[in-house]
Amino acid sequence: MGAMRLLQLCVPVLLLTAAILHPTRATATPSVVVSVPDQTLALLDNGVVIARFPVSTSKFGLGDSPGSYATPLGSLEIASKIGASAPLGAVFKSRVRTGETLPPNARGRDPIVTRILWLRGLEKGNARAFSRNIYIHGTPVERLIGRPASYGCIRMRSCDVARLFGAVNIGTKISVMNARLGRAIAQVTLEPHARGFRLAAN
């Protein structure tokens, strides 16, 4: 009994030490973190930021209620990638190309353009994201990027969303957080180790 108790006490310490000295892939490769306060999206590779892009989340705030036009928070994943061969500025309606192409800041126009990353929520608080058609997508209204301006989706400049599209896969994890970017990245990066520590402790 004494040896078993000692083993139970040692395992969490060993796991924590290993996580610090030999960090494993703390996040999926690649993964994405979106900071709502900073209106910034970070692309991570093995927990290391390799690119940052300005974005626009919803001007109606945060949430996942039907008809709210809010941006859902929490852990999501890419369920579908649409528009791989489309030119920058290509217009989409109901995820189908219309044949029209718009330049940035085309007057009087606000469609979805260039690329679509359709998101699926992985938590109770964002479970409606897929049915609500929450995307990361391009917008011609690039002058508003960097402040909340969307109807629930995460908007990007066409050149940026095309770059992101090529770097992620179906299943890539997306963390949308109401926290400054540095804190959000740290939380996402440390959470898998913390979860492993808690499981070992139990």
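**Group meeting talk: a walk through the predicted model**

Let me start with one residue: tyrosine 69 has a relative accessibility of 46%, so it counts as partly exposed. Before going on, I should say that what you have in front of you is a predicted model.

Stay with tyrosine 69 for a moment. This residue sits in the loop between β3, residues 48-54, and β4, residues 74-82. Its phi is near 60°, which is a positive value in a residue other than glycine. As background, most residues other than glycine have a negative phi. Which residues make a nonpolar surface patch with Tyr69? The partners are Phe60 and Tyr151, and the patch covers about 340 Å².

Arginine 95 also has a positive phi without being a glycine, with a value near 70°. Arginine 95 is in the loop between β5, residues 90-93, and β6, residues 96-101. Its relative accessible area is 27%, so arginine 95 is partly exposed.

Now the overall layout. The protein contains three helices and ten strands. Reading from the N terminus, the order of elements is α-β-β-β-β-β-β-β-β-β-α-β-α. There are 202 residues, and 44% of them are buried. The accessible surface comes to about 10600 Å², and carbon and sulfur atoms hold 57% of that. If you take the contacts with a separation of 6 or more, 65% of them are between residues 24 or more positions apart.

Next, strand β10. Is it enclosed or open to the outside? The strand runs over residues 173-177, and four of its five residues are buried, so β10 is largely enclosed by the rest of the structure. Two other strands pair with it, and I will take them in turn. Strand β1, residues 31-35, runs parallel to β10 and is joined to it by five bridges. In that pairing, valine 33 has serine 175 as its bridge partner in β10. Strand β4 runs antiparallel to β10, with four bridges between them. There, leucine 76 is partnered with isoleucine 174 of β10.

On to charged side chains. How many salt bridges does the structure hold? The count is seven. I will go through some of them.

One salt bridge is between arginine 180 and aspartate 38, with the closest N and O atoms 2.3 Å apart. This pair connects distant parts of the chain, since arginine 180 is in the loop between β10 and α3 (181-201), aspartate 38 is in the loop between β1 and β2 (40-45), and the two are 142 residues apart. The two ends differ in cover: arginine 180 counts as exposed because its relative accessibility is 54%, while aspartate 38, at 24%, counts as partly exposed.

A second salt bridge joins the side chains of aspartate 64 and arginine 132, at 3.0 Å from N to O. This pair, too, links distant parts of the chain: aspartate 64 belongs to the loop between β3 and β4, arginine 132 to the loop between β7 and β8, and their positions lie 68 residues apart. Are these two residues buried or exposed? Aspartate 64 has a relative accessible area of 7%, so it is buried. Arginine 132 has 18% and is buried as well; the cut-off for buried is under 20%.

Arginine 109 and glutamate 100 also meet in a salt bridge, 2.7 Å from N to O. Arginine 109 is partly exposed at 31% relative accessibility, and glutamate 100 is partly exposed with 31% too. Glu77, Arg120 and Lys173 are linked in a network of salt bridges.

Then there is a charged residue with no such partner. Glutamate 142 lies in the loop between β8, residues 135-138, and β9, residues 154-156. Glutamate 142 is buried yet has no salt bridge. Which side chain of opposite charge is nearest to glutamate 142? That is arginine 157, at 5.2 Å, and a salt bridge needs a separation within 4 Å. Setting aside neighbours within four places in sequence, glutamate 142 contacts Pro104, Asn105, Arg157 and Ser158.

One last residue is alanine 127, in the loop between β7, residues 112-121, and β8. Alanine 127 is exposed, with a relative accessible area of 52%. Its C-alpha atom is 9.7 Å from that of serine 65, and the two residues are 62 apart along the chain.

Technical notes:
Residues numbered from 1 in each chain as written. Predicted model: local features only at pLDDT ≥ 70, side-chain atom pairs only at ≥ 80, totals over all residues. Heavy atoms only, no water. Patch = residues over 30% accessible without salt bridge, like charges linked within 9 Å, V, L, I, M, F, W, Y side chains within 5 Å. Areas by Shrake-Rupley, 256 points an atom, 1.4 Å probe, with all protein chains shown as cover. Buried < 20%, exposed > 50% of the residue type's maximum accessible area, 1.4 Å probe, protein only. Pairing = 2+ DSSP bridges. Lys, Arg positive; Asp, Glu negative; His and termini not counted. Contact = heavy atoms within 4.5 Å.
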